[in-house]
Amino acid sequence: MPALPPTWLRGPVPGIEPILQPVAHALLQVAEETPEVVQTLTPEQIWSRPGGSASIGFHLAHLCGSLDRLFTYARGESLSTDQQAALAAERVIDAAQPSPPELFRLLSGTVERAMEQLRSTPGDSLVQAREVGRARLPSTTLGLLFHAAEHTIRHGGQIITLARVVQGPPERASAAVR
């Protein structure tokens, strides 16, 4: 079976405003690629920190937490006490080391909720002013949704790169000819 093209080349995501299609495509791409890459790893590889980098497990938990928080701000809401607790837990996620199935459920649920929010986001709300964090920094609904997509893709890329690093060089099928 031929590989599917990237999500952004598969056409519009039903129910999503045209201007928000890139956000939806980015989130769906990470939700699709990340489990494919991470499921080939051992728990030790998921939680290793090569060169002092953040672990794959951290990147996965953090992209989910950030996506949830940014989408909360995009709705014009403040973080709940549960979200604040989840943020604090991200800082020590390497000690807790949730299992790969737990991380995949977190990713799937977070992206599913984000897609539901995108479907219910009216186009005329995209330029509405929004505030971010305790400092109440200025943004807009569109700015937050775009940054959430960009941030999610960034961590997805770090996961893919770190997976290659922790797996080491691929085995060669035959000796190189000189």
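A crossing is left-handed when the near helix is turned anticlockwise from the far one by less than a right angle. Keep that handy for the exercises below, and remember that the model is predicted.

**Exercise 1. Get your bearings: how many helices and strands does the protein chain have, and in what pattern do they follow along the sequence?**

Start with the count: the chain holds seven helices and two strands. Now walk along the sequence and you get α-α-α-α-α-α-β-β-α. For the overall dimensions, go to the principal axes, where the C-alpha trace spans about 60 × 40 × 30 Å.

**Exercise 2. Work out how helix 3 and helix 4 are oriented, what the handedness of their crossing is, and which residues meet.**

Step one is the geometry: the two axes come within 10 Å and cross at roughly 155 degrees. Step two is the label. Angles over 145 degrees count as roughly antiparallel, so helix 3 is roughly antiparallel to helix 4. Step three brings back the opening definition: the crossing of helix 3 and helix 4 is left-handed.

Step four is the contact itself. On the helix 3 side, pick out F58, A61, H62, G65, S66, D68, R69 and T72; they meet Q83, L87 and E90 of helix 4. Sorted by class, this contact has three nonpolar, five polar and three charged residues.

**Exercise 3. Helix 7 packs against helix 1 and helix 3. Decide for each pair whether it is roughly parallel or antiparallel.**

Take helix 1 (residues 21-38) to begin with. Its angle to helix 7 (residues 141-167) is about 20 degrees, and the axes are 9 Å apart. Anything under 35 degrees counts as roughly parallel, so that is the verdict for helix 1 and helix 7. Helix 1 passes helix 7 in a left-handed crossing.

Next, look at who touches whom. Helix 1 brings V23, A26, L27, V30, E33, T34, V37 and V38, and these meet L145, F146, A148, A149, T152, I153, G156, I159, I160 and A163 in helix 7. The class tally for this contact is 14 nonpolar, three polar and one charged.

Now helix 3. With helix 7 it makes an angle of about 175 degrees, the axes being 9 Å apart. Helix 3 and helix 7 are therefore roughly antiparallel. Their contact divides into 15 nonpolar, ten polar and no charged residues.

**Exercise 4. Describe the largest pocket: what is its volume, and which residues lie nearest its centre?**

A quick reminder on the idea: rolling a probe the size of a water molecule over the atoms shows where empty space is left. For the largest pocket the volume comes to about 330 Å³. Its lining has 14 residues, with Y73, L79, Q84, G133 and R134 nearest the centre.

Then ask where the lining comes from. Helix 4 (81-90) and strand 1 (129-132) each supply at least two residues, and helix 4 has the largest share, with three. Finish with the classes: four nonpolar, four polar and six charged.

**Exercise 5. Do the same for the second largest pocket: which element gives the largest share of its lining?**

Volume goes in at the start again: about 240 Å³. There are 15 lining residues, and A61, G65, A86, E90 and L106 lie nearest the centre. Two or more residues each come from helix 3 (56-74), helix 4 and helix 6 (100-119). The largest share belongs to helix 3, which gives five residues.

Last step, the class split: this lining has eight nonpolar, three polar and four charged residues. To tie things together, go back to Exercise 2: A61 and G65 of helix 3 and E90 of helix 4 are also among the residues in the contact of those two helices.

Note on methods: Residues numbered from 1 in each chain as written. Predicted model: local features only at pLDDT ≥ 70, side-chain atom pairs only at ≥ 80, totals over all residues. Heavy atoms only, no water. 1 Å grid on protein atoms, 1.4 Å probe; cavity = no way out; pocket = protein on both sides within 12 Å on 5 of 7 lines; lining within 4 Å. Points joined across faces, edges and corners; volume = space filled by probe spheres on them. Helix = DSSP H or I, 4+ residues; strand = E, 2+ residues; numbered from the N terminus. Nonpolar A, V, L, I, M, F, W, Y, C, P; charged D, E, K, R; others polar. Axes fitted to C-alpha atoms, helices over the stretch in contact; angles between N-to-C directions. Parallel < 35°, antiparallel > 145°, perpendicular 65-115°, else oblique. Contact = heavy atoms within 4.5 Å.
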